[in-house]
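Visitor: I would love a close look at one part of this protein. Could you walk me through a single sheet and whatever surrounds it?

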Amino acid sequence: MNRIGVFGANGRMGLALVEAAHKNNHAELGAAYVRSSSPLLNIAVNQLNSAAPATINFSDERSVTNIDVLIDFTLRAGMREHLKTAVAQNIPMVIGTTGLDSDDMLALQTAAKQIPIVFARNYSVGVNLLLNLVQTAATKFGDDLDIEIFEAHHRHKIDAPSGTALAIGEAIAQAKGWDHDEVAVFDRSKIETEKSQNEIGYSVLRGGDIVGEHTAYFATSGERLELTHKASSRMTFALGAVRAAGWLKNKPAGLYDMQDVLDLK
Ligand SMILES: NC(=O)C1=CN([C@@H]2O[C@H](COP(=O)(O)OP(=O)(O)OC[C@H]3O[C@@H](n4cnc5c(N)ncnc54)[C@H](OP(=O)(O)O)[C@@H]3O)[C@@H](O)[C@H]2O)C=CC1
Ligand SMILES: O=C(O)C1=N[C@H](C(=O)O)C[C@H](O)C1
């Protein structure tokens, strides 16, 4: 049995991960961690999610013991602290936190020299298939092509564009042989020229309880292809992350992603 420890266990994804780990036949929820200052410490997890085991209380993230894989879906600062814990204790890690900067990515790469890490900006099967489909679309149209990415999420999401939108854009840039940082356009309000075809435009909606929607548009003269993924439950991401945790056990140190887990490369 894979004993899973979930950081940020009181968060939206944390509560879904706790449930997914508990329900998985090959995994067991070992611990549900919250910050050391949290008022939830020692409270039963199933008071917040009735599908969680009655036997596990929220515990202090500084006391990680007897865990096979750690999962982190928190925020940048939390992820950095949790990464240090995983490296210090030599525990494999699954990370879904988005909104990371280049320094955070460097920290992930450095840590992955010592422990195996799966880092994915989306743990759904559909989005990981989409990452391959957009590469085909980007290369099969001619040069007369405009590429745009739209994403929509719930009102609580703080990073924008979403990690998934950026992953889609990076996959397209890679297929086109472009440097993503040079072709990404996040704001057109100050641009007074026509759109270049060597760019990837991003747009964002935040509202209500939208779990996560992404569309890549391939618009050419005379036709338009729209590739859309819609997540309708956070449990999709949580189940994917628990699947990644099972895949990660006994893997050598290295930085992996969900396409490795799903054998989509
Ligand atoms: N890769 C994927 O498939 C998916 C990724 N995500 C990503 O997961 C992340 C979490 O999303 P969501 O669950 O909606 O967010 P929530 O705001 O609901 O939860 C965030 C959690 O992180 C904890 N946290 C925040 N900062 C710290 C810190 N410095 N130290 C320790 N713990 C901290 C919070 O604790 P507290 O309550 O005490 O502040 C809370 O438990 C986001 O980055 C989101 O984009 C989401 C869905 C799918
Ligand atoms: O914050 C979310 O909710 C989500 N975040 C991820 C992202 O930034 O792409 C994945 C998913 O779309 C939900």
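What follows is a walk through one mixed sheet, with a glance at the rest of the fold at the end.

Guide: Happy to! Please keep in mind that this is a predicted model. The sheet I have in mind is an open one of five strands, and its pairing is mixed. Reading across, the order is β8-β9-β7-β10-β11. At the edges stand β8 (184-185) and β11 (223-231); each has a single partner strand, so one side of each is left without a neighbour in the sheet. As background, strands of a sheet pair through backbone hydrogen bonds, either parallel or antiparallel.

Let's start at the β8 edge. Two bridges link β8 to β9, and the two strands run parallel. Here A184 has I200 of β9 as its bridge partner. Moving one strand further, β9 (residues 200-206) also pairs with β7 (residues 146-153), again in the parallel sense, this time over seven bridges. Two pairs will help you find the register: E151 is bridged to V204 in β9, and A152 stands opposite L205 in that strand.

E151 deserves a pause. This residue sits in strand β7 and counts as buried because its relative accessible area is 0%, where the limit for buried is under 20%. Its side chain has polar company: a contact of 2.7 Å joins the side chains of E151 and H153, and another polar contact, also listed at 2.7 Å, links the side chain of E151 with that of R206. Leaving aside neighbours within four places in sequence, E151 touches residues from several stretches of the chain, among them A160, P161, S162 and A165. The contacts of E151 also include S203, V204, L205 and R206, as well as E213 and H214.

H153 leads us from E151 to ligand 2. Which residues come nearest to ligand 2? Of the 13 residues around ligand 2, they are H153, H154, K157, G163 and T164. For H153, a polar side-chain atom lies 2.6 Å from an oxygen atom of the ligand. H154 also contributes its side chain, with an N or O atom 2.8 Å from an oxygen atom of ligand 2. G163 takes part through its backbone instead, placing an N or O atom 2.9 Å from a ligand oxygen. Taken alone, ligand 2 exposes 330 Å², and the protein buries 86% of that. So a short path can be traced here: the side chain of E151 contacts that of H153, and the side chain of H153 in turn has a polar atom 2.6 Å from a ligand oxygen, within the 3.5 Å limit used for polar contacts.

Now to the other end of the sheet. β10 and β11 run antiparallel and are joined by nine bridges. One of the pairs to look for is A219, which stands opposite R224 in β11. The two strands form a hairpin with two residues between them, and G222 in the turn has a positive phi of about 100°.

Helix α4 (residues 125-140) packs on this sheet, where it touches β10 (212-220) and β11. The direction of α4 makes about 170° with that of β11. Within α4 you will find T139. Is T139 buried or exposed? T139 is partly exposed, with a relative accessible area of 42%. A polar atom of the T139 side chain lies 3.1 Å from the backbone oxygen of T136. For a sense of distance, the C-alpha atoms of T139 and F73 are separated by 33 Å, with the two residues 66 apart along the chain.

Finally, the glance at the rest of the fold. There is also an open sheet of seven strands with parallel pairing, in the order β3-β2-β1-β4-β5-β6-β12. Its edges are β3 (58-60) and β12 (254-256), each with a single partner strand, so one side of each lacks a neighbour in the sheet. The twist averages 30° from one strand to the next. Inside that sheet, β1 (residues 2-7) and β4 (residues 69-72) pair in the parallel sense over four bridges, with G5 opposite L70 in β4. Helix α1 (residues 12-23) lies across β1, β2 (27-34), β3 and β4, at about 155° to β2. Helix α2 (residues 76-88) lies across β1, β4, β5 (93-95) and β6 (116-119), at about 170° to β5.

Terms used
Residues numbered from 1 in each chain as written. Chains lettered and ligands numbered in written order. Predicted model: local features only at pLDDT ≥ 70, side-chain atom pairs only at ≥ 80, totals over all residues. Heavy atoms only, no water. Pairing = 2+ DSSP bridges. Contact = heavy atoms within 4.5 Å. Axes fitted to C-alpha atoms, helices over the stretch in contact; angles between N-to-C directions. Near = heavy atom within 4 Å. Polar contact = N/O pair within 3.5 Å; in protein donor to acceptor, adjacent residues only side chain to side chain. Areas by Shrake-Rupley, 256 points an atom, 1.4 Å probe, with all protein chains shown as cover. Buried < 20%, exposed > 50% of the residue type's maximum accessible area, 1.4 Å probe, protein only.
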